[in-house]
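Hi,

Here is the structure I promised to send over. Have a look at it first, and my notes come right after.

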Amino acid sequence: MSVSEAAQPLVPGTAFSRRHLLGIEGLSPLEITSLLNLADEYVDQNRLVNKKQPTLRGRTVINLFFESSTRTQSSFELAGKRLGADVMNMAVKASSLNKGETLIDTAITLNAMHPDILIVRHQDSGAVELLSQKVSCSVINAGDGWHEHPTQALLDALTIRRRMGRLEGLKVAICGDVMHSRVTRSNIHLLNAVGAQVRLIAPKTLLPAGIERLGVQVFNDMREGLVDCDIIMMLRLQMERMEGSFIPSTREYFHYFGLDREKLALAKPNALVMHPGPMNRGVEIESSIADDRSISLIQDQVEMGVAVRMAVLTALSRQLDREDAV
Ligand code: NCD
């Protein structure tokens, strides 16, 4: 039986019965597929005129973002609202954190207001897990430092699965600033769990030592790494995370590691291109490739993001229901 055949719970989303979603590492293929199946249903619902259903009615969801975010925060906000929850976006810049309050004190204060689900993005790896130990509600990691960004990996997987019909056996190249990328770490765990093959393509300076141990093939040359790939995921050069210089210049970077038509031609003829956003046009990806809807899945990724976050919110809320019932 294949991984995908084994992973069909009767009610989508029910195989995932955790209190928090802190990372992809450690999730079973069944848990992952079950969330993707539930998200698939929400994709259809989100295309209707009436996008709302009362699954989370009565529940309070708080977005607590310590780092700036456009798509992830708005996507979580819409997801919560479409499920009928009360959603609050905490304005971190205007909060007491600027008056010296610690992350944990802020979390404990918010917890006292009885939220059901806290969605947290923080610049430090491990901060979201630490916070989850101090609160009584469910916690979703919306990106912690260089560590994990689980809903991004889930939305990437859903995007690929809907377009290619499967994940198993696909060759996926993740290219660029692997070092600073939580998106890459979550994607490696997910793609490995469902039987895809992951290749990392990056300059040596942007590859963490020992990354091969996660079960990936590593290349330093796009011309070698892209050969025969089904999916090419491009990453943003995360300048704000770099102390000192990791690349000689962005022009030179594009020459060697930017995705242009010539390099794209080395992958499979029907290969598809992805990017988690925000993207730097002309630095890691040629504009015309990013905008070509026949090969670029970037807009699909944004659409899948809302559906995946609705699935995660629903699964966590069902788990809270189960805990309340005992
Ligand atoms: C990513 C992130 O914040 O980790 N973006 C996102 O969530 N869509 C990647 C990035 O910032 O480059």
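Below are my notes, going from the whole chain down to single residues.

First, the ground rules. This is a predicted model, so local features need pLDDT of at least 70 and side-chain atom pairs count only at pLDDT 80 or more, while totals for chains, interfaces and linings use all residues. Residues are numbered from 1 along each chain as its sequence is written, and side-chain values use heavy atoms, with hydrogens and water left out.

**Overall**

The protein chain has 12 helices and 9 strands; these are DSSP runs numbered from the N terminus, with helices being H or I of at least four residues and strands E of at least two. For 326 residues, a compact globule would come out with a radius of gyration near 20 Å, and the protein chain agrees with that at 19 Å. That radius is taken over C-alpha atoms, and the globule rule is 2.2 Å times the number of residues to the power 0.38. Along the principal axes, the C-alpha atoms fill a box of roughly 55 × 50 × 40 Å.

Of the 326 residues, 56% are buried. Buried here means under 20% relative accessible area, exposed means over 50%, and partly exposed is in between (1.4 Å probe, protein chains only). The accessible surface is about 14000 Å², and carbon and sulfur atoms account for 51% of it; areas come from the Shrake-Rupley method with a 1.4 Å probe, and for residues only the protein chains shown count as cover.

Contacts (heavy atoms within 4.5 Å) reach far along the sequence: among those between residues at least 6 apart, 73% join residues at least 24 apart. On charge, I get 36 positive and 38 negative side chains, with the centres of the two sets 3 Å apart. Lys and Arg count as positive and Asp and Glu as negative, with His and the chain ends not counted; each charge is placed at NZ of Lys, CZ of Arg, CG of Asp or CD of Glu.

**Cores**

A nonpolar core is a set of buried Ala, Val, Leu, Ile, Met, Phe, Trp, Tyr and Cys residues joined through side-chain atoms within 4.5 Å. The largest one holds 61 residues, and the members touching the most others are Ile-117, Ile-119, Leu-154, Leu-200 and Leu-313. Helix α12 (residues 298–325) supplies the largest share of this core, with 11 residues. There is also a second, separate core of 28 residues, and Phe-246, Phe-257, Leu-264 and Ala-290 are among them.

Leu-313 is worth clicking on: leaving out residues up to four places away in sequence, its contacts include Leu-56, Phe-76, Leu-83, Ile-117 and Ile-140. Ser-317 is also in helix α12, and it counts as buried because its relative accessibility is 4%. With the same neighbours left out, Ser-317 touches Thr-55, Leu-56, Arg-59 and Ile-117.

**Cys-175 and Met-164**

How far is Cys-175 from Ser-317, C-alpha to C-alpha? They are 35 Å apart in space and 142 residues apart along the chain. Cys-175 sits in strand β5 (residues 171–175) and is buried, since its relative accessibility is 1%. Beyond its neighbours within four places, Cys-175 has contacts including Ile-201, Met-222, Ile-232 and Met-234.

Met-164 belongs to helix α6 (residues 150–164) and is partly exposed, with a relative accessible area of 25%. Outside the four-place window, Met-164 is in contact with Leu-170, Asp-230, Ile-231 and Leu-272. Arg-166, in the loop between α6 and β5, is partly exposed too, at 42%.

**Backbone oddities**

Most residues other than glycine have a negative phi, and most peptide bonds are trans. With that in mind, three spots to check:

- The peptide bond from Gly-277 to Pro-278 is cis, with omega near -5°; Pro-278 lies in the loop between β9 (272–274) and α11 (287–290).
- His-114 has a positive phi of about 60°. His-114 is in the loop between α4 (103–111) and β3 (117–122) and counts as exposed because its relative accessibility is 65%.
- Asp-228 has a positive phi as well, near 75°. Asp-228 falls in the loop between α8 (222–225) and β8 (231–234) and is partly exposed, at 35%.

Cheers
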